[in-house]
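This briefing sets out the strand pairing, the nonpolar core and the ligand surroundings of the structure shown below. The points are grouped by topic.

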Amino acid sequence: MTERNHEDNGVEEETGIATKTRPATKKPSLYRVLLLNDDYTPMEFVVEILVGIFRKTPEDAARIMLHVHQNGVGMCGVYTYEVAETKVAQVLDAARRGQHPLQCTMEKE
Ligand code: TYC
């Protein structure tokens with residue numbers, strides 16, 4: 001056998017030279033984007049954020065918003081680093097423009 005695979009532990013049968021391979025791709029780290037409760041941001045605004053930025057259905061958005069309202073924190077989705085960072089920035093920008101104190105963070109999964 002001259003082709004390498006993941007079962008031969010990278011040792012060529014013909015040459016005895018170790019040429020260990022690894023898969024060509026690495027799985028990207030994933031990050032949870034979290035929404036935090038506060039006493040002032042309107043429920044409707046939070047639902048609009050979840051629909052507009054996180055692409056939730058209005059039903060899922062209402063469910064997530066109520067979860068955050070009742071539990072203090074809730075998950076909007078799981079994304080690669082750059083996508084999560086962009087979503088957080090979009091939420092904070094929309095909150096600032098609407099003059100709402102809504103907070104959003106990300107954490108490694
Ligand atoms: N607690 C807010 C209210 O009663 C609603 C709210 C829900 C605010 C979720 C932020 O992330 C949030 N108007």
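Within strand S2, Gly-74 is the bridge partner of Leu-35. The model is a predicted one. Leu-35 recurs under each topic below: it has a further bridge partner, Cys-104, in strand S3, it is among the residues with the most contacts inside the largest nonpolar core, and it is one of the residues that surround the ligand.

**Strand pairing**

- Strands S1 and S2 are paired through 7 bridges in the antiparallel sense.
- Strand S1 is also joined to strand S3, which spans residues 103–108, by 6 bridges, and these two strands likewise run antiparallel.

**Helix H1 and its cover**

- Helix H1 covers residues 43–52, and its buried residues are Phe-45, Val-46, Val-47, Ile-49 and Leu-50.
- An α-helix has 3.6 residues a turn, so residues three or four places apart point the same way.
- The cover over the buried residues of H1 includes two strands, S1 (30–36) and S2 (73–80), together with two helices, H2 (58–71) and H3 (81–97).
- Beyond its neighbours within four places in sequence, Leu-50 makes contact with Leu-35, Arg-55, Lys-56, Ala-61, Ile-64, Met-65 and Cys-76.

**Nonpolar core**

- The largest nonpolar core comprises 23 residues.
- Inside this core, the residues with the most contacts are Val-33, Leu-35, Ile-49, Leu-50, Phe-54, Val-91 and Leu-102.
- At least two residues of this core come from each of S1, H1, H2, S2 and H3.

**Ligand surroundings**

- The residues around the ligand are Leu-35, Leu-36, Asn-37, Asp-38, Thr-41, Met-43, Val-46, Met-65, Val-68, His-69 and Leu-102.
- Val-46, one of the buried residues of H1, is therefore also part of the ligand's surroundings in the sense that a heavy atom of a near residue lies within 4 Å.
- The side chain of Asn-37 places an N or O atom 2.8 Å from a nitrogen atom of the ligand.
- For Thr-41, a backbone N or O atom is 2.9 Å from a ligand nitrogen atom.
- His-69 has a polar side-chain atom 2.9 Å from a nitrogen atom of the ligand.
- On its own the ligand has 350 Å² of accessible area, of which the protein covers 89%.
- S1, H1 and H2 are the elements that give two or more residues to the shell around the ligand.
- The greatest contribution to this shell comes from H2, which gives 3 residues.

Conventions: Residues are numbered from 1 along each chain as its sequence is written. This is a predicted model: local features need pLDDT of at least 70, side-chain atom pairs count only at pLDDT 80 or more; totals for chains, interfaces and linings use all residues. Side-chain values use heavy atoms; hydrogens and water are left out. Buried means under 20% relative accessible area, exposed over 50%, partly exposed in between (1.4 Å probe, protein chains only). Helices (H or I, at least four residues) and strands (E, at least two) are DSSP runs, numbered from the N terminus. Contact means heavy atoms within 4.5 Å. A nonpolar core is a set of buried Ala, Val, Leu, Ile, Met, Phe, Trp, Tyr and Cys residues joined through side-chain atoms within 4.5 Å. Two strands pair if DSSP finds at least two bridges between them. A polar contact is a pair of N or O atoms within 3.5 Å; within protein, one must be able to donate a hydrogen and the other to accept it, and residues adjacent in sequence count only if both atoms are side-chain atoms. Accessible areas come from the Shrake-Rupley method with a 1.4 Å probe; for residues, only the protein chains shown count as cover.
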